[in-house]
Amino acid sequence: MLLKLAKLGEKGSLAVTNMTAKPVLNQAQFHTSVAQLRDLPYSRAEVAFAGRSNAGKSSAINLLTRKNRLAFTSKTPGRTQLINFFELSADTYLVDLPGYGYAKVPPAVKAKWENLLSRYLQEREALVGMVLIMDARHPLTPLDRQMLDWFIPTGKPVHILLSKADKLSNSEKTLTLRRVEQELAELDGVSVQLFSSLSRMGAEAAAALIEGWLKPEQAGVEVVEPLQEPVHKA
Ligand code: GDP
């Protein structure tokens, strides 16, 4: 299998093929919360953010969208188990998936979460890539691996943010990045980088990569001119 691991350290950057495309992440606005797949909105392209609860997902979304409190909407009562959609531009979304890994979750809630997440990740056509947030001090938990197992067979890319990297020493950062890369070396389409919402480490590289995923040609959708109004004969 082809190894595609982007080595993104503190000073890392990715080649971005289209620097002229208008950024959309900074246009994010809350759109809707969804409890069931049949309620998903029409979407041309969307990027999903997933992660264990407390991994730093909301902070990462807020930093990448440059909206201080945006993702905390997803944490308001009644929304934590829902799929939260933030519109970036017309029919383009950032999707905040429910955090996982709460210590005491009743089996019924866990089953519902598994069904919702696995089907969303496997079946959602508009989904162009997943950003998986992992606390750099505790990467690749069993549920993180579960997310990868569900999503990787789709052939779409996964980008891992090793969050809270500011809490690691320089040597720990290097070791952690290397270890995670090694663990995922056999997987196709997975990239990984260090990230910190506090120090903004890796934010530019992550934003550029996500913007690249959302470009129309990346989403495999042709942009067509709007159809002309039908002519009504009297
Ligand atoms: P979520 O549950 O995954 O959405 O995580 P949050 O973004 O709410 O973050 C959980 C906790 O970790 C909060 O107390 C944050 O302030 C803290 N946190 C998030 N990102 C970072 C980071 O990059 N560095 C540090 N030191 N703390 C962070």
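Hi everyone, let's begin with a helix. Helix H2 runs over residues 107-123, so to speak our opening act: its 17 residues reach 24 Å from the first C-alpha to the last, close to the 24 Å expected at 1.5 Å a residue. Its buried residues include Leu117, Tyr120 and Leu121. Why do these residues sit on the same side of H2? Because they cover an arc of only 90° around the axis. On the other side of H2 you can find Pro107, Ala108, Ala111, Asn115, Gln122 and Glu123, which are exposed. And what covers the buried residues? Strand E4 (83-89), strand E6 (127-135) and helix H3 (142-151) are among the elements that do so for H2.

Before we go on, please keep in mind that this is a predicted model. The average pLDDT of the protein is 86, and 83% of the residues score at least 70. Two stretches deserve some caution. Over residues 1-19 the pLDDT is below 50, and in the model this stretch has 37 contacts beyond near neighbours in sequence. Over residues 219-231 the pLDDT is also below 50, and there the model has eight such contacts.

Now let's step back to the whole chain. How many helices and strands does the protein have? There are five helices and eight strands. If you read along the sequence, the pattern is β-β-β-α-β-β-α-β-α-β-α-β-α. Of the 234 residues in the protein, 37% are buried. Here is a number about how the chain folds back on itself: take the contacts with a separation of 6 or more, and 76% of them join residues 24 or more positions apart.

Next, please find helix H1, residues 57-65. Is H1 mostly covered or mostly open? It is mostly covered, with seven of its nine residues buried. You can tick them off in the structure: Lys57, Ser58, Ala60, Ile61, Leu63, Leu64 and Thr65. What do these buried residues pack against? For H1, the partners are strand E3 (45-51), strand E5 (92-96), E6, E7 and H5. Just after H1 comes Arg66, and its phi is positive, near 60°.

H1 also brings us to the ligand. Around the ligand there are 16 residues, and the closest are Gly56, Lys57, Ser58, Ser59 and Leu198. Which element gives the largest share of this shell? Helix H1 does, with three residues. By type, the shell has two nonpolar, ten polar and four charged residues.

While we are at this end of H1, have a look at Asn26. You will find Asn26 in the loop between strand E1 (7-8) and strand E2 (29-34). Leaving out residues up to four places away in sequence, Asn26 touches Thr65 and Arg66. The C-alpha atoms of Asn26 and Leu64 are separated by 7.4 Å, with their positions 38 residues apart along the chain. Is Asn26 buried, exposed or in between? Asn26 is partly exposed, because 13 other C-beta atoms lie within 10 Å.

A second pair spans a longer piece of sequence. Glu211 is found in helix H5, residues 203-214. The C-alpha atoms of Glu211 and Val24 are separated by 7.0 Å, and the two are 187 residues apart along the chain. Why is Glu211 called buried? Because there are 22 other C-beta atoms within 10 Å of Glu211, and the cut-off for buried is 20 or more.

To finish, two loop residues that make a nice pair to look up. Leu140 has a phi near 55°, a positive value in a residue other than glycine. You can find Leu140 in the loop between E6 and H3. Lys164 also has a phi near 55°, again positive and again in a residue other than glycine. Its place is the loop between strand E7 (158-163) and helix H4 (170-183). Which class of burial does each one fall into? Leu140 is partly exposed, since 16 other C-beta atoms lie within 10 Å. Lys164 counts as buried, since Lys164 has 25 C-beta neighbours inside 10 Å.

That's my tour, so thank you for listening!

Key: Residues numbered from 1 in each chain as written. Predicted model: local features only at pLDDT ≥ 70, side-chain atom pairs only at ≥ 80, totals over all residues. Near = placed C-beta within 6 Å. Helix = DSSP H or I, 4+ residues; strand = E, 2+ residues; numbered from the N terminus. Nonpolar A, V, L, I, M, F, W, Y, C, P; charged D, E, K, R; others polar. Expected span 1.5 Å × (residues − 1). Buried ≥ 20, exposed ≤ 12 C-beta atoms within 10 Å, placed from the backbone. Arc of directions from axis to C-beta. Contact = placed C-beta atoms within 7 Å. pLDDT = per-residue confidence, 0-100.
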